[in-house]
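Q: Please take a close look at one part of this structure, the aromatic pairs and the helices that carry them, and describe in a connected way how the rings and their surroundings are arranged.

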Amino acid sequence: PRRPRVPDAAIERAEAMAAHISAHYTEAVSVEEIARAAGLHPNYAAGVFRKTFGMTMVDYVTQQRLWHAQRRLATTDLKILDVA
């Protein structure tokens, strides 16, 4: 199914939220904090993010954490428990 068209200004805000997540994925981040970083109301931010990226902010945070954990496991000698 096609995603609805997202206005360019909303895409910029969604990208700001993604950048905030990338910078803070190791911390306990909330939807409210992520939305605030883009200057948006949490409910509106959640919709913009989902329309832009096709997933929720929480799923995106989880995905970031998994990607970084996979990278660390593949590129270091750290044990799984240390990465977790």
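A: In this predicted model, the structure contains 3 aromatic pairs. One of them joins Phe 49 and Phe 53 in a tilted arrangement, with 4.7 Å from centre to centre and 45° between the planes. Both residues belong to helix α3, where a spacing of 4 residues separates Phe 49 from Phe 53 by about one helical turn. Their surroundings can be described by accessibility: Phe 49 has 0% relative accessibility and counts as buried, whereas Phe 53, at 26%, counts as partly exposed.

A further pair brings in another helix. The rings of Phe 49 and Tyr 60 have centres 5.3 Å apart and planes at 75°, and because an angle over 60 degrees counts as edge-to-face, this pair is classed as edge-to-face. It links distant parts of the chain, since Phe 49 sits in helix α3 and Tyr 60 in helix α4, 11 residues apart. Tyr 60 is itself buried, with a relative accessible area of 12%, and Phe 49, Phe 53 and Tyr 60 together form one aromatic cluster.

Helix α4, which supplies Tyr 60, runs over residues 57-75; its 19 residues reach 27 Å from the first C-alpha to the last, close to the 27 Å expected at 1.5 Å a residue. Buried along α4 are Met 57, Tyr 60, Val 61, Gln 64 and His 68. Viewed down the axis of α4, these buried residues fall within an arc of 105°, so they line one face of the helix. They pack against α1 (8-24), α2 (31-37) and α3 (42-53), while the face of α4 turned away from the buried side carries the exposed residues Val 58, Gln 70 and Ala 74.

Helix α3, the carrier of Phe 49 and Phe 53, also packs with α1, at an angle of about 95° and with the axes 9 Å apart. The two helices α1 and α3 are therefore roughly perpendicular to each other. On the α1 side this contact is made by Ala 10, Ile 11, Ala 14, Glu 15, Met 17, Ala 18 and Ile 21, and on the α3 side by Tyr 44, Ala 45, Val 48, Phe 49, Thr 52 and Phe 53. Phe 49 and Phe 53 thus appear both in the contact with α1 and in the aromatic cluster with Tyr 60.

Key. Residues numbered from 1 in each chain as written. Predicted model: local features only at pLDDT ≥ 70, side-chain atom pairs only at ≥ 80, totals over all residues. Heavy atoms only, no water. Expected span 1.5 Å × (residues − 1). Buried < 20%, exposed > 50% of the residue type's maximum accessible area, 1.4 Å probe, protein only. Arc of directions from axis to C-beta. Contact = heavy atoms within 4.5 Å. Phe/Tyr/Trp six-rings, centres within 6.5 Å; stacked < 30°, edge-to-face > 60°. Axes fitted to C-alpha atoms, helices over the stretch in contact; angles between N-to-C directions. Parallel < 35°, antiparallel > 145°, perpendicular 65-115°, else oblique.
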